[in-house]
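Me: I am new to this structure and would like to go through it step by step. Please keep the answers short.

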Amino acid sequence: AAERLRALNPGLDIVALPERLTAANAAAHVQAYDLVVDGSDNFPTRYLVNDACVLFGRPLIHGGVVGFQGQLLTVLPRRSACVRCVFPEPPSPGAVPSGQEAGILGSVAGILGTLMAHEALKALLGLGAPMADRLRPELSLSRAEHVR
């Protein structure tokens, strides 16, 4: 991905981190950046990213997709609710299907990724009203909801 982005725009400063985020390295990674965009695919990582962002005061753009649905939340530490505020405990194993189990519609992932990028720009530039204190789960393209 880094090579492809550099080919598209050689002026980009891209730092690829080919490693998993862990409790041992989360602090260093989060402190190194002004903002974190999280599209992780599991709850332990989501909570780890959230907790590190809150601890170090870094804005977090959280997004998740499963099936035909997506959700978006902007976390502004010490100013808005965070992932753990909205979901104090991770769901029990198996309570929520994973993307691998339920599938992910590519267009939903694309739409949510675009919204996350938009939120990141708003947070970094201080423009517009962030999606803080509002979880947007209504991005749903389920056929059953639209066919009557």
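Me: Is R78 buried or exposed?
Reply: This is a predicted model, and the values here are computed from it. R78 sits in the loop between β3 (69-75) and α4. Its phi is near 65°, a positive value in a residue other than glycine. The cut-off for exposed is over 50%, and R78 has 65% relative accessibility, so R78 counts as exposed.

Me: How many salt bridges does the structure hold?
Reply: Side chains of opposite charge can pair when their charged atoms come close. One such pair is R84 with D51, at 2.6 Å from N to O. Another is E119 with K122, at 2.5 Å from N to O. The number of salt bridges in the structure is two.

Me: How many residues apart are R84 and D51?
Reply: R84 and D51 meet through their side chains in a salt bridge. R84 belongs to helix α4 (residues 83-86), and D51 to helix α3 (residues 43-56). The pair links distant parts of the chain, with a separation of 33 residues.

Me: Which class of accessibility does D51 fall in?
Reply: Partly exposed lies between the cut-offs of 20% and 50%. R84, the partner of D51 in the salt bridge, has 32% relative accessibility and counts as partly exposed. D51 has 31%, so D51 also counts as partly exposed.

Me: Why are E119 and K122 separated by about one helical turn?
Reply: An α-helix has 3.6 residues a turn, so residues three or four places apart point the same way. E119 and K122 both lie in helix α6 (residues 106-125). The turn between them follows because their spacing in that helix is three residues.

Me: Is K122 buried or exposed?
Reply: Buried means under 20% relative accessible area. E119, the salt-bridge partner of K122, is at 3% and counts as buried. K122 has a relative accessible area of 15%, so K122 is buried.

Me: Which residues does K122 touch, not counting residues up to four places away in sequence?
Reply: K122 lies in helix α6. Its salt-bridge partner E119 is three residues away in that helix, so E119 is not counted here. The residues K122 touches beyond that range are L127, A129 and P130.

Me: Where do the buried residues of α6 fall, seen down its axis?
Reply: The buried residues of α6 are V108, L112, M116, E119, A120 and K122. They line one face of the helix, because they fall within an arc of 160°.

Me: Which exposed residues are on the face of α6 turned away from its buried side?
Reply: α6 has 20 residues and reaches 28 Å from its first C-alpha to its last. That is close to the 28 Å expected at 1.5 Å a residue. The exposed residues on the face turned away from the buried side are G106, T114, L121, L124 and L125.

Me: Which residues does V37 contact, leaving aside its neighbours within four places in sequence?
Reply: V37 is found in strand β1 (residues 36-38). At 46% relative accessibility, V37 counts as partly exposed. M116 and A120, two of its contacts, are among the buried residues of α6. The full set for V37 is I61, M116 and A120.

Me: What covers the buried residues of α3?
Reply: The 14 residues of α3 should span 20 Å, and its end C-alpha atoms are 20 Å apart, which agrees. Its buried residues are T45, R46, Y47, V49, N50, A52 and C53. Their cover includes α2 (26-31), β1, β2 (60-66), β3 and α4.

Me: How many disulfides does a search of the whole structure find?
Reply: A disulfide needs cysteine sulfur atoms within 2.5 Å. The nearest cysteine sulfur to C82 is that of C85, 3.1 Å away. C82 is in no disulfide, and C85 is in no disulfide. The number found in the whole structure is zero.

Me: Over which residues does pLDDT stay under 50?
Reply: The chain averages a pLDDT of 87, and 91% of the residues score at least 70. Where pLDDT is low, the predicted coordinates should not be read in detail. The stretch under 50 has eleven contacts beyond four places in sequence, and covers residues 140-148.

Methods. Residues numbered from 1 in each chain as written. Predicted model: local features only at pLDDT ≥ 70, side-chain atom pairs only at ≥ 80, totals over all residues. Heavy atoms only, no water. Salt bridge = Lys/Arg side-chain N within 4 Å of Asp/Glu carboxyl O. Helix = DSSP H or I, 4+ residues; strand = E, 2+ residues; numbered from the N terminus. Buried < 20%, exposed > 50% of the residue type's maximum accessible area, 1.4 Å probe, protein only. Expected span 1.5 Å × (residues − 1). Arc of directions from axis to C-beta. pLDDT = per-residue confidence, 0-100. Contact = heavy atoms within 4.5 Å.
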